[in-house]
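Here are a few notes to read alongside the structure. I have kept them as numbered points so that you can check each one on screen.

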Amino acid sequence: DRMVTLVSNSLERAAPTASFPGTSPPPHEEGGFDGFIGSSRSMQELFRTIGRLSNSEMTVLIHGESGSGKELVARSIHRHSPRRKGPFTAINMAAIPRNLIESELFGHEKGAFTGAVSQRLGHFAQAKGGTLFLDEIGDMPMEAQTRLLRVLQEGTYTRVGGSEPLRTNVRIIAATHQDLPASIGDGRFREDLYYRLNVIPILAPSLRTRKEDIPLLAEHFLTRSANKLGVPRKQISPAGVERLMAHDWPGNVRELENLIDRLMVLTPDDIIGPDALELPGRRTQQPTPQTGQQSPPSPGREMSLRETILRDLDRYFASLNGMEVTGLYGIFLRQLEEGLLTRVLQETNGNQVKAAQMLGINRNTLRKKIQDLDIKKRK
């Protein structure tokens, strides 16, 4: 083990930009840190925060949009923590069926339920001495939240179907793309669990807030993709870089990575120009000088969602004929929510599980909204 560590450290010092098949990026790549790429102010602050946590075992909650690198942040925290020699176990709460979450987390005894033909160790046991990363914690069902809270408070748990208390020996790092305070207000997340997890909050910045890092990231992904495919590395033209910088990147770094991989495979030229990027253009709305209302869309251009909403709102006011209106915010949100849920249920043929996944909400929340809005019979 010592020999492997010494050789690895020597290789990193001798060739800091080298890329070896099957390995992660070098720990201190130019313009980055520990596998991260970026020299923006928000990334530098993230690096400093990880450094401050190097001697801590406190619970961490990572906030950030999908594709912003929350798991990469969690892995870096683990590598710089006192538990670095222990395992790092990641589990996505949104990908586990509700009836299996407790078994996945805490394990089960033989015969605990139909199909439990042998004892199974849960992730708390598998991550013993290391770090347990709970991704998409906002999608955890309420009953599992209650049990997780008890584990965090007491430091012990029991396997499903078992009675012997087992002591935990893991550090918890959780992550979410959801607004958990809003979920607390909606009754979908426990407030006491939120404060237990949010001891040290960390924000994984979205790509649109650190656009100065896009050229560095693009260069990194071009090199990595070329090495992975075994093909010559392509270049992005200055106009192509400008096009990348102008995009808002709703899918964040993951969207940029996937785009670069696609370009390396499908672009025949060695230089990638702006026309090859296939990025959706941004629509802008210019208010008219007289009224400040939205300009009508030009011929052949589809109206944006914002334009459509504002158009419908103008029509609504025009139909009132001077009548006094109260509660407009609630009226409009209800109509918008009803239309959205109805359309998604049509798209999924009434499958509430698929609809909830598409909407990014809990199935129980969807069911309640369907009942409240009285759209179940019209789906």
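1. Let me start in the sheet, with Leu 132, which stands opposite Ile 172 in β10. Please keep in mind that this is a predicted model. Strand β7, residues 131-135, pairs with β10 in the parallel sense over four bridges. Strand β3 (residues 60-63) also runs parallel to β10, and four bridges join the two; here Leu 61 stands opposite Ala 174.

2. How many of the six residues of β10 are buried? Six of six, so the strand, residues 171-176, is mostly covered. In a regular strand, side chains alternate between the two faces of the sheet. In β10, one side carries Arg 171, Ile 173 and Ala 175, the other Ile 172, Ala 174 and Thr 176, and all of these are buried.

3. For the wider setting, the chain has 15 helices and 13 strands. Of its 379 residues, 37% are buried. Among contacts with a separation of 6 or more, 66% are between residues 24 or more positions apart. The accessible surface of the chain is about 21,900 Å², and carbon and sulfur atoms account for 52% of that.

4. Helix α9 is worth a look. Its 16 residues (214-229) should span 22 Å at 1.5 Å a residue, and the end C-alpha atoms are indeed 22 Å apart. The buried residues of α9 include Ile 214, Leu 217, Phe 221 and Leu 222, and also His 220 and Ser 225. The buried residues of this helix pack against β2 (36-37), β12 (235-236), α10 (238-246), α11 (252-266) and β13 (271-272). After α9 comes Gly 230, with a positive phi near 70°.

5. Two leucines of helix α11 make a nice contrast. Leu 263 lies in this helix and is buried, because its relative accessibility of 4% is under the 20% limit. Leu 263 touches Lys 234, Ile 272, Ala 276 and Leu 277, leaving aside residues up to four places away in sequence. Leu 277 is 14 residues from Leu 263 in sequence, with 7.5 Å between their C-alpha atoms. Leu 266 is also in α11, but counts as exposed at 61% relative accessibility. Leu 266 joins Leu 229, Val 231 and Val 265 in a nonpolar surface patch of about 360 Å².

6. A search of the whole structure finds 17 salt bridges. One of them joins the side chains of Asp 186 and Arg 188, at 3.4 Å from N to O. Is each partner buried or exposed? Asp 186 is exposed at 55% relative accessibility, whereas Arg 188 is buried at 18%. Elsewhere, salt bridges that share partners connect Glu 45, Arg 48 and Arg 52 in one network.

7. Within that network, Arg 48 and Glu 45 meet at 3.1 Å, N to O. They are three residues apart in helix α2 (residues 41-52), which means about one helical turn separates them. Both count as partly exposed, Arg 48 at 43% relative accessibility and Glu 45 at 34%.

8. Finally, Glu 57 forms a salt bridge with Arg 83, with 2.9 Å between the closest N and O atoms. This pair links distant parts of the chain, 26 residues apart: Glu 57 is in the loop between α2 and β3, and Arg 83 in the loop between α3 (70-79) and β4 (88-92). Glu 57 is partly exposed at 42%, while Arg 83 is buried at 12% relative accessibility.

Terms used
Residues are numbered from 1 along each chain as its sequence is written. This is a predicted model: local features need pLDDT of at least 70, side-chain atom pairs count only at pLDDT 80 or more; totals for chains, interfaces and linings use all residues. Side-chain values use heavy atoms; hydrogens and water are left out. The expected span of a helix is 1.5 Å times one less than its number of residues. Buried means under 20% relative accessible area, exposed over 50%, partly exposed in between (1.4 Å probe, protein chains only). Contact means heavy atoms within 4.5 Å. Patches are made of residues with over 30% relative accessible area and no salt bridge: like charges are joined within 9 Å, nonpolar side chains (Val, Leu, Ile, Met, Phe, Trp, Tyr) within 5 Å. Accessible areas come from the Shrake-Rupley method with a 1.4 Å probe; for residues, only the protein chains shown count as cover. A salt bridge is a side-chain nitrogen of Lys or Arg within 4 Å of a carboxyl oxygen of Asp or Glu. Two strands pair if DSSP finds at least two bridges between them.
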